[in-house]
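Here is a short tour for anyone meeting this structure for the first time. Have a look at the sequence and the model, then read on.

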Amino acid sequence: MASVHLCGPQVASAAMVKPASADGLRIPASSSRAAPTGRRFRGLVVRAATVVSPKYTSVKPLGDRVLVKTKTTEDKTAGGILLPTTAQSRPQGGEVVAVGEGRSIGSNIIEISVPVGAKVIYSKYAGTELEFNDTNHLIMKEDDIIGILDTDDVKDLKPLSDRILIKVAESEEETAGGLLLTQATKEKPSVGTVVAVGPGPLGDDGSRTPLTITPGSSVLYSKYAGSEFKGSEGEYIVLRVSDVIAVLSS
């Protein structure tokens, strides 16, 4: 997507780019679509985030939306190797800096349950990217927030709504016949132990229905559901309770 600068009544888009030039020669509009082999055109930058003009001093989300200041993407690996932009993982965490007035359910107004200042984890592709005060932000629905995380370890995550936090069972190291499995051939487990549960989904009257699954339960869940995270004690997954297929017992 092209960058959009919000400047009052006039909106400028990076999609409206003047014909570029190479070696001082102006390229006609009809030939500016494709660059000659081996040449580059400088100054053409396409950005995904909407850029808010410095003349605006605040951004107020509406309805059940929240404004999140995102964490900075790591540009180095743990070993100090610089990562190209395409290899950098998009951050999934940030701090809530503003919230909307809430959403209407019937005649009731349900306020946003996530307070300003909370550190949150959200869905990987949630929200609309926004650059405000030279800082990256996301405007997203409250339901896109997976949970509140006050520490740096996902095991301490407090899920929201109808989501649950599961510690994934370790993959089998060998087959039934005793053959050792390599990392690439290990089957992704769909079994784990519930660590924490959310307060439950909202009903039509604005009240929440508690989840029937409790922490400590062993569960079987859909193979490609949820959002995966690595913690200090292993791998975790956060998913909706509807993605849980069964409760296991011994």
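A residue counts as buried under 20% relative accessible area, as exposed over 50%, and as partly exposed in between. Keep in mind that this is a predicted model.

Let's put that scale to work on the salt bridges. The count comes to 5 salt bridges, and the table gives three of them.

| Acidic residue | Basic residue | Closest N and O atoms |
|---|---|---|
| Asp 150 | Lys 158 | 3.4 Å |
| Asp 156 | Lys 155 | 3.4 Å |
| Asp 162 | Arg 240 | 2.6 Å |

Where do Asp 162 and Arg 240 lie? Asp 162 is in the loop between strand S14 (158-159) and strand S15 (163-168), while Arg 240 belongs to strand S19, so the pair ties together parts that are 78 residues apart in sequence. Asp 162 has a relative accessibility of 12%, so it counts as buried. Arg 240, at 24%, counts as partly exposed. The pair also has company: salt bridges that share partners join Asp 143, Asp 162 and Arg 240 into one network.

The other two pairs in the table look like this. Asp 150 is exposed at 54% relative accessibility, and its partner Lys 158 is partly exposed at 48%. Lys 155 is partly exposed, with a relative accessible area of 28%, and Asp 156 is partly exposed too, at 31%.

Now for the strands. S19 sits in an open sheet of 6 strands, ordered S18-S19-S15-S16-S17-S20 and paired antiparallel. Which strands stand at the edges? They are S18 (227-231) and S20 (244-248); each has a single partner strand, so one side of each is left without a neighbour in the sheet. On average, neighbouring strands here are turned by 40° against each other, direction ignored. The partner of S18 is S19 (residues 234-240), and the two pair in the antiparallel sense over 5 bridges. Within that pairing, Ser 227 has Val 238 in S19 as its bridge partner.

Elsewhere, S10 (residues 119-122) pairs with S7 (residues 93-99), antiparallel and over 3 bridges. Glu 95 stands opposite Lys 119 of S10 there. S10 also runs antiparallel to S13 (residues 145-148), again with 3 bridges joining the two. In this case Tyr 122 stands opposite Ile 145 of S13.

Some of these strands turn up again in the nonpolar cores. The largest core has 15 residues, and those with the most contacts inside it are Val 66, Val 68, Val 114, Val 120, Met 140 and Ile 145. Strands S6 (65-70), S7, S10, S12 and S13 each supply at least two of its residues. What does Val 66 touch, leaving aside its neighbours within four places in sequence? Its contacts include Pro 61, Ala 98, Val 99, Ile 112 and Met 140. There is also a second, separate core of 12 residues, with Ile 164, Val 168, Ile 237 and Leu 239 among them.

One last stop is the loop between strand S11 (128-132) and strand S12 (135-141), where Asn 133 is found. Asn 133 has a positive phi of about 55° although it is not a glycine, and at 53% relative accessible area it is exposed. Asp 134 is found in the loop between S11 and S12 as well. Its phi is also positive, near 60°, and Asp 134 is not a glycine either. With a relative accessible area of 75%, Asp 134 is exposed.

Terms used: Residues are numbered from 1 along each chain as its sequence is written. This is a predicted model: local features need pLDDT of at least 70, side-chain atom pairs count only at pLDDT 80 or more; totals for chains, interfaces and linings use all residues. Side-chain values use heavy atoms; hydrogens and water are left out. Two strands pair if DSSP finds at least two bridges between them. Helices (H or I, at least four residues) and strands (E, at least two) are DSSP runs, numbered from the N terminus. Axes are lines fitted to C-alpha atoms, for helices over the stretch in contact, and angles run from 0 to 180 degrees between N-to-C directions. Buried means under 20% relative accessible area, exposed over 50%, partly exposed in between (1.4 Å probe, protein chains only). A nonpolar core is a set of buried Ala, Val, Leu, Ile, Met, Phe, Trp, Tyr and Cys residues joined through side-chain atoms within 4.5 Å. Contact means heavy atoms within 4.5 Å. A salt bridge is a side-chain nitrogen of Lys or Arg within 4 Å of a carboxyl oxygen of Asp or Glu.
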